[in-house]
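Please work through the exercises below with the sequence and the model at hand. Each task is followed by a solution in steps.

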Amino acid sequence: MSFEIDARSFAYRCPADGTALLLIDLQRDFVEPGGFGASLGNDVSRLRPAIKACRRLLETFRALGLPVLHTREAHRPDLADCPPAKRLRGEPPLRIGDAGPMGHLLVAGETGTEIVPECRPLPGETVIDKPGKGAFYATDFGTHLERLGITHLVVGGVTTEVCVQSTLREANDRGYECLLVEEATESYFPEFKRATLEMVRAQGAIVGWTAALADVLRAFA
Ligand code: TIU
């Protein structure tokens, strides 16, 4: 059995026994005031619509019994996995590891790295803490995909042009067929979201596919 989604630039087909939902970095640090996203000077309220769309995808995949994987951008408390180049860049008021209103920024176990309640993982769903923007670098994400027999990834999360795009590109290079759900991802910069969606699906799906949420839900209904 397989699903066919009316996607762009052309139809996306995925098998029921090889498709997973991947939700990237839906953590409080990026979507709530006082977190890492806000410390970089961003309007974090811009990302909220993606949470609702990701929730719809979660409900659909859970109802079908399809695998769900979540990532968080989260460093070890000793920051041994945070290169100085990442921590020291720019002049933000709070850096990775500094104490803010939601705990130490981008540190595992702190309030800021909790996934938002709407998309909170259920027991049995895989949760990957990643020190980079992409989900494969310095994680066992790839091992989990192999364990689950995944070949196709339906993707949502934040932010579109940073962690989502890095992960899509890494997955594409490893041979995964990826579909990014348009309403299920957001950027602090609308023009970057628009450009990312276009560059993913350009040149005959050079990185992957994109599709409207309604078309994805219809295919899995
Ligand atoms: N700053 C920004 O847009 N994003 C990140 O730093 N991480 C993720 O995208 N998760």
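The exercises treat confidence, the sheet, one helix residue and the ligand shell in turn.

**Exercise 1. State which confidence values accompany the chain and the complex.**

Solution. The model is predicted. Step one concerns the chain: its mean pLDDT is 98, and 100% of its residues reach 70 or more. Step two concerns the complex, for which the predictor gives an ipTM of 0.99 and a pTM of 0.99.

**Exercise 2. Determine the strand order of the open sheet of six strands, and identify its edge strands.**

Solution. Reading across the sheet gives the order β7-β4-β3-β8-β9-β10, with parallel pairing. The edge strands pair on one side only, and they are β7 (126–130) and β10 (209–211). As for the geometry, neighbouring strands of this sheet are turned by 25° against each other on average, with direction ignored.

**Exercise 3. Describe how β3 pairs with β4 and how β8 pairs with β9, naming one residue pair for each.**

Solution. Begin with β3 (residues 19–24) and β4 (residues 68–73): four bridges join them in the parallel sense. Within this pairing, Leu 23 has His 70 of β4 opposite. Turn next to β8 (residues 152–158), which pairs with β9 in the parallel sense over six bridges. Here Gly 157 has Thr 185 in β9 as its bridge partner. Finally, consider the surroundings of β9 (residues 177–186): nine of its ten residues are buried, so this strand is mostly covered.

**Exercise 4. Decide whether Leu 168 is buried or exposed, and find which residues Leu 168 touches.**

Solution. First, locate the residue: Leu 168 belongs to helix α6 (residues 160–173). Second, apply the criterion, under which a residue is buried if 20 or more other C-beta atoms lie within 10 Å of its own. Leu 168 has 26 other C-beta atoms within 10 Å and is therefore buried. Third, list the contacts, leaving out residues up to four places away in sequence: Leu 168 touches Val 155, Cys 178, Leu 180, Val 200, Val 207 and Gly 208. Fourth, take a distance: from C-alpha to C-alpha, Leu 168 and Leu 153 are 9.0 Å apart in space, while 15 residues separate them in sequence.

**Exercise 5. List the residues around the ligand and sort the shell by class.**

Solution. The residues around the ligand are Asp 25, Phe 30, Gly 37, Leu 40, Glu 73, Lys 133, Val 158, Thr 159, Val 162, Cys 163 and Tyr 188. Sorted by class, this shell comprises six nonpolar, two polar and three charged residues.

Conventions
Residues numbered from 1 in each chain as written. Predicted model: local features only at pLDDT ≥ 70, side-chain atom pairs only at ≥ 80, totals over all residues. Near = placed C-beta within 6 Å. Nonpolar A, V, L, I, M, F, W, Y, C, P; charged D, E, K, R; others polar. Helix = DSSP H or I, 4+ residues; strand = E, 2+ residues; numbered from the N terminus. Buried ≥ 20, exposed ≤ 12 C-beta atoms within 10 Å, placed from the backbone. Contact = placed C-beta atoms within 7 Å. pLDDT = per-residue confidence, 0-100. Pairing = 2+ DSSP bridges. Axes fitted to C-alpha atoms, helices over the stretch in contact; angles between N-to-C directions.
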